[in-house]
Amino acid sequence: MSSRTSKKGNKIILFVILVVIILLGLFFFKKAKTEAEQDSMFSMSSNSQRVKFLNEQGWIVKPDPVKKEEIIIPSEVNETYAEYLKLLNEQGFNIKEHMGKDAMMITYEILNYPDFPENVVANMIILDDKLIGGDVSLNEEGGFVVPLISDKTKNELMEQNTATETVSITDVMETTIKIKEENTETMTETTVETLTDTVLETSDVITTAE
């Protein structure tokens with residue numbers, strides 16, 4: 001009897017481990033898919049892609065850039081650059097991982113900025129044909145620097161990231177640890193049913209997030 005119960009306990013542990021492996025696989029698949037979609041969104045290998053992206057952010061620009069220049073992303077952060085990094089972070093850019101690298105700054109003239117019909121430009125920082133940062137600036141005395149990315153795009157990116165972060169794999173991991181700590185002989189069919197419900201609920205969260 002004890003041997004049969006022990007075998008049942010071992011099967012439940014194996015079941016839980018299998019569940020964790022499957023859920024982790026689904027989670028990382030979703031995460032990789034989200035990152036691929038974001039890479040595609042920020043792919044800027046041609047002028048037409050850059051202009052299209054700016055249009056999608058609500059900016060009407062002249063079709064050709066007014067300036068292209070090679071830049072080196074600073075490897076050290078001073079007070080001024082810290083403010084710019086904050087602006088980039090608010091848009092979802094993590095330029096810190098590119099510090100010290102060569103990049104291209106491509107600038108377009110914006111034609112529809114409210115109350116400023118001229119001297120407003122969109123600056124796009126491009127590295128390996130990918131947008132890694134940017135801003136909208138007023139190039140005159142008392143000018144300003146504001147985000148390049150629209151609120152709509154920021155919300156879309158936030159929703160994509162949230163969808164991968166809200167998957168409750170931690171609960172399953174905690175359940176696995178709890179089972180290992182318990183006496184396997186006390187496990188019942190109810191335990192299996194509870195775990196199955198958890199699996200189905202978590203799997204639904206992952207799949208519906210796509």
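How many residues lie between E4 and E5 in the hairpin that they form? In this predicted model, the hairpin of E4 and E5 has 6 residues between its strands, and the views below take up this hairpin together with its surroundings.

**View 1. The hairpin of strands E4 and E5.** Strand E4, which covers residues 130-138, is mostly covered, with 8 of its 9 residues buried. Strand E5, made up of residues 145-147, pairs with E4 in the antiparallel sense over 3 bridges, and Val 136 stands opposite Val 146 in E5. In the turn of this hairpin, Gly 142 has a positive phi of about 75 degrees.

**View 2. The hairpin of strands E3 and E4.** Strand E3, residues 120-127, also pairs with E4 in the antiparallel sense, here over 8 bridges, and Val 121 stands opposite Ser 137 in E4. This hairpin has 2 residues between the strands, and Asp 128 takes a positive phi near 55 degrees.

**View 3. The largest nonpolar core.** This core holds 34 residues, of which Met 124, Leu 131 and Leu 148 touch the most other members. The elements that give two or more residues to the core are helix H2 (47-56), helix H3 (79-90), strand E2 (102-109), E3 and E4, and E3 gives the most, with 6 residues.

**View 4. The surroundings of Leu 148.** Leaving aside residues up to four places away in sequence, Leu 148 touches a set of residues that includes Phe 53, Leu 54, Trp 59, Ala 122 and Val 136. Met 124 and Leu 131 are also among the residues that Leu 148 touches, and these two, like Leu 148, are named among the core residues that touch the most other members.

How values were computed:
Residues are numbered from 1 along each chain as its sequence is written. This is a predicted model: local features need pLDDT of at least 70, side-chain atom pairs count only at pLDDT 80 or more; totals for chains, interfaces and linings use all residues. Side-chain values use heavy atoms; hydrogens and water are left out. Buried means under 20% relative accessible area, exposed over 50%, partly exposed in between (1.4 Å probe, protein chains only). Helices (H or I, at least four residues) and strands (E, at least two) are DSSP runs, numbered from the N terminus. Two strands pair if DSSP finds at least two bridges between them. A nonpolar core is a set of buried Ala, Val, Leu, Ile, Met, Phe, Trp, Tyr and Cys residues joined through side-chain atoms within 4.5 Å. Contact means heavy atoms within 4.5 Å.
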